[in-house]
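Please open the model in your viewer and keep the selection panel at hand. We will go from stop to stop, with something to select at each one.

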Amino acid sequence: MGVTSPGVTSPGVTSPGATSPGVASRGVTSPGSSSLETEYVRFEGRSYHTSCYRNHVAVRCTLCGKIIQGRFIKDYWGNIYHEGHKNRVSRCDYCGRFISEKTTGGGARYKDGRHICGLCRRTAVQDTKRGRELLGDARKRLERYGIVIDRFDPGFHLIDRGKLKRVSRLSRPPDSEETGFTHFRSRSRGGRIVSFELDIYILLGLPQSHFIEAAAHELMHVWQYLNAPPKNDRALCEGSCNYAAYLVLQELSGAESEYLVHNLFGSKDRFYGEGFRRVTRLVQKRGTKYWLSRLRANRRFPTG
Ligand SMILES: [Zn+2]
Ligand SMILES: [Zn+2]
Ligand SMILES: [Zn+2]
């Protein structure tokens with residue numbers, strides 16, 4: 001049930017600006033009695049020569065470079081765009097930037113319809129060998145928090161969006177934007193799992209930090225299959241998977257992983273967002289060990 005950060009589907013912060021950073025008013029003054037006129041621009045309570053305003057003060061659109069006087073969109077990265085670009089220029093599915101030569105060094109559209117900008121594309125995970133390495137790295141990082149998966153020998157597959165939708169339907173209805181899925185089969189004896197088989201699927205071409213987030217999330221599903229009661233509460237289950245992803249992301253340095261953490265905390269989804277924040281509060285209060293012990297013993301969040 002491999003869904004990760006719904007943050008991926010809502011890239012960036014879209015704030016159609018209520019205020020206009022542009023020209024507020026324009027005054028013409030005539031110093032003395034001469035016919036020499038100087039044009040001023042009023043902006044945020046100050047007056048500027050028109051040329052000073054244009055060259056030093058005015059807010060310019062990251063995309064077209066022209067001064068913004070009306071409504072605008074601001075993304076997570078601080079770029080400001082004319083609102084009018086919204087329907088004409090694609091945004092990156094992974095960082096929320098508008099894609100252009102100037103802003104992102106171009107970008108691409110994957111065959112399955114996803115848009116990725118040139119910046120995110122630089123680290124995109126396209127081959128299985130690299131994917132396996134990163135998966136192994138995420139597993140090692142989780143071990144340090146007590147999330148240990150023994151006998152780990154999964155089938156590992158990088159697949160496009162259409163294929164991911166098909167495989168994830170094997171067990172649960174898919175969520176809107178999934179980045180990974182784990183297919184787990186086990187044999188039990190006397191209530192104990194004696195053997196299991198595992199296939200981990202992750203979306204092809206994710207930027208590296210998104211891949212790591214998805215990998216850690218799926219690994220936490222595996223841990224829960226092996227350690228937690230079956231069919232535990234979905235908010236607890238997915239919230240715990242996102243918490244594992246958070247543990248790994250906050251160890252990585254870089255603006256991309258910070259962006260993903262920002263999205264985890266901002267997600268409005270009741271399982272992936274609210275569930276995650278509940279797990280976060282639980283761990284802050286009681287520690288990682290307590291969280292894992294509760295997961296082992298219970299189907300639901302502890303009360304209180
Ligand atoms: Zn999941
Ligand atoms: Zn513009
Ligand atoms: Zn991007």
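Which residues in α4 meet Ala244, Leu247 and Val248 in α7? Select both helices and look at where they touch: Ala138, Arg141 and Leu142 are the α4 residues in this contact. By class, the contact of α4 with α7 has 5 nonpolar, no polar and 1 charged residues. Bear in mind along the way that this is a predicted model.

**Stop 1: the angle between α4 and α7**

Keep helix α4, residues 128-143, on screen together with α7. The two helices pack at an angle of about 95 degrees, and their axes are 10 Å apart. An angle from 65 to 115 degrees counts as roughly perpendicular, and α4 and α7 are therefore roughly perpendicular to each other.

**Stop 2: from α7 to α9**

Now hide α4 and show helix α9, residues 274-286. Here α7 and α9 pack at an angle of about 70 degrees, with their axes 7 Å apart. This pair, too, is therefore roughly perpendicular. To see the contact, select Ala235, Leu236, Glu238, Gly239, Ser240, Asn242 and Tyr243 in α7. Across from them, add Glu274, Gly275, Phe276, Arg278, Val279, Thr280 and Val283 in α9. Colour the contact by class and you should find 6 nonpolar, 5 polar and 3 charged residues.

**Stop 3: the nonpolar core**

Next, select Ala138, Ile202, Ala215, Ala216, Leu219, Ala244 and Val248. These are the residues with the most contacts inside the largest nonpolar core, which has 60 residues. Which helix gives the largest share of this core? That is α7, residues 234-249, with 10 residues. Colour domain 1 (2-86) and domain 2 (128-297) separately: both give residues to the core, so it lies between them. As general background, nonpolar side chains in soluble globular proteins tend to be buried together.

Stay in the core and centre on Leu219. Leaving aside neighbours within four places in sequence, leucine 219 is in contact with Ala138, Arg139, Leu142, Ile149 and Ala244. Two names in that list, Ala138 and Ala244, should be familiar from the contact of α4 with α7.

**Stop 4: valine 167**

Move to helix α5, residues 161-168, and pick out valine 167. Is this residue buried, exposed or partly exposed? It has 17 C-beta neighbours inside 10 Å, so valine 167 counts as partly exposed. Show Phe181, His183 and Tyr201 as well, for valine 167 is in contact with them when neighbours within four places in sequence are left aside. You can check one of these pairs with a distance label: valine 167 and histidine 183 are 8.3 Å apart, C-alpha to C-alpha, and 16 residues apart in sequence.

**Stop 5: two positive phi values**

Most residues other than glycine have a negative phi. For one with a positive value, select arginine 151, where phi is near 50 degrees. Arginine 151 is in the loop between α4 and β8 (155-159). With 9 other C-beta atoms within 10 Å, arginine 151 is exposed.

Then jump to lysine 231, in the loop between α6 (208-227) and α7. Lysine 231 also has a positive phi, of about 55 degrees. Its 8 other C-beta atoms within 10 Å make lysine 231 exposed.

**Last stop: the whole chain**

Zoom out to the full chain, with its 10 helices and 10 strands. Of its 304 residues, 37% are buried. Among contacts with a separation of 6 or more, 60% join residues 24 or more positions apart.

Definitions and conventions
Residues numbered from 1 in each chain as written. Chains lettered and ligands numbered in written order. Predicted model: local features only at pLDDT ≥ 70, side-chain atom pairs only at ≥ 80, totals over all residues. Core = buried A, V, L, I, M, F, W, Y, C linked by C-beta atoms within 7 Å. Buried ≥ 20, exposed ≤ 12 C-beta atoms within 10 Å, placed from the backbone. Helix = DSSP H or I, 4+ residues; strand = E, 2+ residues; numbered from the N terminus. Domains from an automatic or database assignment. Contact = placed C-beta atoms within 7 Å. Axes fitted to C-alpha atoms, helices over the stretch in contact; angles between N-to-C directions. Parallel < 35°, antiparallel > 145°, perpendicular 65-115°, else oblique. Nonpolar A, V, L, I, M, F, W, Y, C, P; charged D, E, K, R; others polar.
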